[in-house]
Amino acid sequence: MKDELLGLTAMSAIFGALSLVVFYFLIFEMFNKKTAIMSTMILGVTPLFWLNSLQVLTDITGLFFILLLIYFIYYFIKYKKIKSLYIGSFVSAIAIGVRFHALFVAVPLLVYSYFKMENKRKIFQVLFIFL
């Protein structure tokens with residue numbers, strides 16, 4: 001029993017660390033390196049982030065996938081790379097599977113991405129990956 005709990009706690013801590021990495025790259029894409037470093041350091045020392053990272057809950061795992069989703073959708077909007085939209089829709093499906101509340105982030109982002117698409121016919125491929 002204790003080994004399983006330790007393994008799940010370690011997994012939550014790993015997803016917490018990976019969330020910081022994804023958060024850094026997201027802020028770096030949006031702003032600059034200095035802002036990304038400062039923002040990541042602030043998030044990294046936030047007590048609520050630490051508390052959730054060291055508990056066996058789906059909060060931090062869901063945060064990781066939501067941040068990854070936001071990163072790929074932002075990358076699609078900024079650079080118009082359809083591959084990032086495909087990856088984003090796949091990540092959104094995982095995020096919703098991990099934490100249902102991700103639905104309230106994923107659907108609006110994918111709808112917004114649809115309006116930013118130049119080739120509207122590819123939306124069916126994206127929706128197929130999402131579903």
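Rings of Phe, Tyr and Trp, the last by its six-membered ring, pair if their centres lie within 6.5 Å. The views below apply that rule to a predicted model.

**View 1. Tyr-71, Phe-72, Tyr-75 and Tyr-79 make up one aromatic cluster.** By the pairing rule, the count comes to 9 aromatic pairs. One of them joins Phe-15 and Phe-65 and is shown in View 2.

**View 2. Phe-15 and Phe-65 form a tilted aromatic pair.** Their ring centres are 5.9 Å apart, with 50° between the planes. That angle is neither under 30 degrees nor over 60, so the pair counts as tilted. The pair links distant parts of the chain. Phe-15 sits in helix H1, residues 2–30. Phe-65 sits in helix H4, residues 59–79. The two residues are 50 apart in the chain. Both Phe-15 and Phe-65 are buried.

**View 3. Tyr-71 and Phe-72 form an edge-to-face pair.** The centres lie 5.5 Å apart. The planes meet at 70°. This angle is over 60 degrees, so the pair is classed as edge-to-face. Tyr-71 has 18% relative accessibility and therefore counts as buried. Phe-72 is buried too, with a relative accessible area of 17%. Both residues belong to the aromatic cluster of View 1, together with Tyr-75 and Tyr-79.

**View 4. Thr-61 of helix H4 touches Phe-15 and Val-98.** These contacts leave out residues up to four places away in sequence. Thr-61 has a relative accessibility of 8%, so this residue counts as buried. Its partner Phe-15 is the helix H1 member of the tilted pair in View 2.

Technical notes: Residues numbered from 1 in each chain as written. Predicted model: local features only at pLDDT ≥ 70, side-chain atom pairs only at ≥ 80, totals over all residues. Heavy atoms only, no water. Helix = DSSP H or I, 4+ residues; strand = E, 2+ residues; numbered from the N terminus. Buried < 20%, exposed > 50% of the residue type's maximum accessible area, 1.4 Å probe, protein only. Contact = heavy atoms within 4.5 Å.
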